[in-house]
Amino acid sequence: SPRRSTYPKRLDPLARLPHRTVLGLLARRGVMLRFAWLLAGASAVTQTFYVCNDAGDLDFRGSYDLDEDTHANKPTWTNAQGKTIFAHGPFWYIGDLSPHPVETGYRGVVDCPRNADEPGTDCVYTASKHGREPVPVLSTAPCGGGAGEL
């Protein structure tokens with residue numbers, strides 16, 4: 001005859017809930033938190049950069065607005081003259097993306113964030129093949145309209 005235990009049966013508090021409910025709830029919460037984090041990161045991208053100084057090529061002056069398109073999986077910003085701030089590899093450039101090959105006017109060389117989602121305003125550019133001195137200076141503040149500014 002089978003032996004009966006004299007101890008009361010232990011109840012597992014999760015035994016009554018289907019495991020998929022608890023795990024599913026945690027998984028959905030994790031997905032939603034990651035999605036919210038991605039949305040917060042996407043909205044943090046700078047919408048407009050400005051070049052207000054007397055750059056060597058006047059086509060590089062003005063406001064650069066965030067594009068819908070990307071280049072090398074990074075955001076780009078383009079001004080009214082068709083000049084674009086873009087990344088290639090770990091570096092940031094200002095140039096013209098329309099011809100092939102791309103024409104770079106300026107390359108970020110000093111104090112530039114490498115592999116970042118956008119260029120830093122402390123980034124110092126040097127003139128490339130299609131750029132002339134003085135180099136553009138990026139800013140997130142609109143141009144003030146004073147001498148030498150738009």
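This briefing walks through the fold, core, disulfides and one buried lysine of the chain above.

We're looking at a predicted model, where local features need pLDDT of at least 70, side-chain atom pairs count only at pLDDT 80 or more, and totals for chains, interfaces and linings use all residues. Residues are numbered from 1 along each chain as its sequence is written, and side-chain values use heavy atoms, with hydrogens and water left out. In short, there's an open sheet of 8 strands, plus 2 disulfides.

**Confidence**

- The chain has a mean pLDDT of 81, and 67% of its residues reach 70 or more; pLDDT is the predictor's confidence in each residue, from 0 to 100.
- Confidence bottoms out in helix H1 (residues 19-43), with a mean of 49, and peaks in S1 at 98. Helices (H or I, at least four residues) and strands (E, at least two) are DSSP runs, numbered from the N terminus.
- Residues 30-41 have pLDDT below 50, and this stretch makes 0 contacts in the model beyond near neighbours in sequence. Contact here means heavy atoms within 4.5 Å.

**The sheet**

- Strand order is S7-S6-S5-S4-S3-S2-S1-S8, with antiparallel pairing; two strands pair if DSSP finds at least two bridges between them.
- Strand S7 (124-127) and strand S8 (138-139) sit at the edges with a single partner strand each, so one side of each has no neighbour in the sheet.
- S2 and S3 run antiparallel, joined by 4 bridges, and histidine 71 has lysine 74 in S3 as its bridge partner.
- The S2-S3 hairpin has 2 residues between its strands, and alanine 72 in the turn has a positive phi of about 55°.
- S3 and S4 pair in the antiparallel sense over 2 bridges; threonine 84 in S4 is the bridge partner of threonine 78.
- The S3-S4 hairpin leaves 5 residues between the strands, with glycine 82 in the turn at a positive phi of about 85°.
- S4 and S5 are also antiparallel, over 5 bridges, and phenylalanine 86 has tyrosine 93 in S5 as its bridge partner.

**The nonpolar core**

- The largest nonpolar core has 17 residues, and the members touching the most others are Tyr64, Trp77, Ile85, Trp92, Ile94, Tyr125 and Leu138. By a nonpolar core we mean a set of buried Ala, Val, Leu, Ile, Met, Phe, Trp, Tyr and Cys residues joined through side-chain atoms within 4.5 Å.
- Strand S1 (48-51), strand S4 (84-88) and strand S5 (91-96) each chip in at least two residues of this core.
- Leaving out neighbours within four places in sequence, isoleucine 94 contacts Phe60, Tyr64, Thr84, Ile85, Phe86, Thr104, Gly105, Tyr106, Tyr125, Pro136 and Leu138.

**The disulfides**

- The whole structure holds 2 disulfides, a disulfide being a pair of cysteine sulfur atoms within 2.5 Å. With the bonded cysteines numbered in sequence order, the pairing is 1-4, 2-3.
- Cysteine 52 is joined to cysteine 143, with S to S at 1.9 Å. The link is left-handed, with -90° about the S-S bond.
- That pair links distant parts of the chain, 91 residues apart: cysteine 52 is in the loop between S1 and strand S2 (62-71), while cysteine 143 is in the segment after S8.
- Cysteine 112 is joined to cysteine 123, with S to S at 1.8 Å. The torsion about this S-S bond is about 80°, so the disulfide is right-handed.
- How exposed are these cysteines? Cysteine 52 counts as buried at 10% relative accessibility, cysteine 112 is buried at 18%, and cysteine 123 is buried at 6%. Buried means under 20% relative accessible area, exposed over 50%, and partly exposed in between (1.4 Å probe, protein chains only).

**Lysine 74**

- Lysine 74 is in strand S3 (residues 74-78), a mostly covered strand with 4 of its 5 residues buried.
- Lysine 74 itself counts as buried, at 13% relative accessibility.
- The lysine 74 side chain reaches the backbone oxygen of asparagine 115 at 3.1 Å, and a polar atom of that side chain lies 3.0 Å from the backbone oxygen of alanine 116.
- Not counting residues up to four places away in sequence, lysine 74 touches Ala87, Trp92, Asn115, Ala116 and Asp117.

Definitions and conventions:
Polar contact = N/O pair within 3.5 Å; in protein donor to acceptor, adjacent residues only side chain to side chain.
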